Amino acid sequence: MNQKNSLQIEEVLQEKDSEKQKEKYNEYVSNITPKSNRFLNCAKAFLVGGTICLLGEGFNSFYQYLGNDKELAGLYTTLSLILMSIILTGLNIYQKLGQFGGAGSIVPITGFANSVVSPAIEFQAEGQVFGIGCKIFTIAGPVILYGIFCSWVVGVIYWLGSIM
């Protein structure tokens, strides 16, 4: 932080009138908050997410070309995208892709695979059980838990509806 910004925060903290302090604080925050180009961020997210989806379509077409039916080709495509995400995460490329493309990198299949693999890689030094085993689902665990729970609730509602 440069000297000018630290003097500004001191001025904010020394202000006795609470209304003037709020105004100075808001002005200080707006001065130091980095400005982002929303159009550029959206374009990057579209480029990254679109490329991942294009790769998925390419895998799907390739697997259908090999003679698999549509359903089996879709399963192979899912597995291929998960494997690609795991490899890119292990090589520290997926993180750079996420920094560049932002939300575009969290396409459901690849983003979820990345969220499972990242903690496992990060905590592998702590061992198989207390490192990888305990930390692998720190990010993805709540998603899995609530997904399964909501599926159960919907299933119970469906079952109750079918017996009535």
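**Exercise 1. Place A113 and find what surrounds it.**

Solution. Step 1: A113 belongs to helix α6, where helices are DSSP runs of H or I with at least four residues, and strands are runs of E with at least two, numbered from the N terminus. The model is predicted, so local features need pLDDT of at least 70 and side-chain atom pairs count only at pLDDT 80 or more, while totals for chains, interfaces and linings use all residues. Residues are numbered from 1 along each chain as its sequence is written, and side-chain values use heavy atoms, with hydrogens and water left out.

Step 2: The relative accessibility of A113 is 8%, so A113 counts as buried. The classes are buried (under 20% relative accessible area), exposed (over 50%) and partly exposed (in between), with a 1.4 Å probe and protein chains only.

Step 3: With neighbours within four places in sequence left aside, A113 contacts I82, S85 and I86; contact means heavy atoms within 4.5 Å.

Step 4: A140 lies 27 residues from A113 in sequence, and the C-alpha to C-alpha distance is 8.7 Å.

**Exercise 2. Describe the environment of T110.**

Solution. Step 1: T110 is also a residue of helix α6. Its relative accessible area is 1%, and T110 is therefore buried.

Step 2: Not counting residues up to four places away in sequence, T110 touches I52, L81, M84, S85, Y94 and S105. S85 is also on the contact list of A113.

**Exercise 3. Compare the span of helix α4 with the expected value, and locate its buried residues.**

Solution. Step 1: Helix α4 covers residues 70-90, 21 residues in total. From first C-alpha to last it reaches 30 Å, close to the 30 Å expected at 1.5 Å a residue. The expected span is 1.5 Å times one less than the number of residues.

Step 2: The buried residues of α4 are A73, T77, S80, L81, M84, S85 and T89. Viewed down the helix axis, the buried residues of α4 fall within an arc of 165°, so they line one face. The arc is taken from the directions from the helix axis to the C-beta atoms.

Step 3: The general background is that an α-helix has 3.6 residues a turn, so residues three or four places apart point the same way.

Step 4: E71 and L79 are exposed on the other side of α4.

Step 5: The packing partners of the buried residues are α3 (38-65), α5 (93-101) and α6 (108-122).

**Exercise 4. Contrast T77 and Y76, and list their contacts.**

Solution. Step 1: T77 is in helix α4, and so is Y76.

Step 2: T77 has a relative accessible area of 8% and is buried. Y76, at 34%, is partly exposed.

Step 3: Residues up to four places away in sequence are not counted in either list. T77 touches G56, F59, N60 and Y63, whereas Y76 touches Y63 and N68. Y63 thus appears in both lists.

Step 4: Y76 and F112 are 36 residues apart along the chain, with 17 Å between their C-alpha atoms.

**Exercise 5. Follow the chain from the end of α4 into α5.**

Solution. Step 1: G90, in helix α4, is partly exposed, with a relative accessible area of 49%. G90 and N114 are separated by 24 residues in sequence and by 9.2 Å in space, C-alpha to C-alpha.

Step 2: N92 sits in the loop between α4 and α5. Its phi is near 65°, a positive value in a residue other than glycine. N92 is partly exposed, at 38% relative accessible area.

Step 3: L97 lies in helix α5 and is partly exposed at 27% relative accessibility. Leaving aside neighbours within four places in sequence, L97 is in contact with V48, G102 and S105.

**Exercise 6. Identify the nonpolar surface patch and the helix that contributes most to it.**

Solution. Step 1: F112, F137, V143, I144 and I148 make a nonpolar surface patch of about 440 Å². Patch residues have over 30% relative accessible area and no salt bridge; like charges are joined within 9 Å, and nonpolar side chains (Val, Leu, Ile, Met, Phe, Trp, Tyr) within 5 Å. A salt bridge is a side-chain nitrogen of Lys or Arg within 4 Å of a carboxyl oxygen of Asp or Glu. Accessible areas come from the Shrake-Rupley method with a 1.4 Å probe, and for residues only the protein chains shown count as cover.

Step 2: Helix α8 (residues 141-163) gives the most to the patch, with three residues.

Step 3: I148 is in helix α8 and is exposed, with a relative accessible area of 57%. L97 and I148 are 51 residues apart in sequence and 29 Å apart in space, C-alpha to C-alpha.
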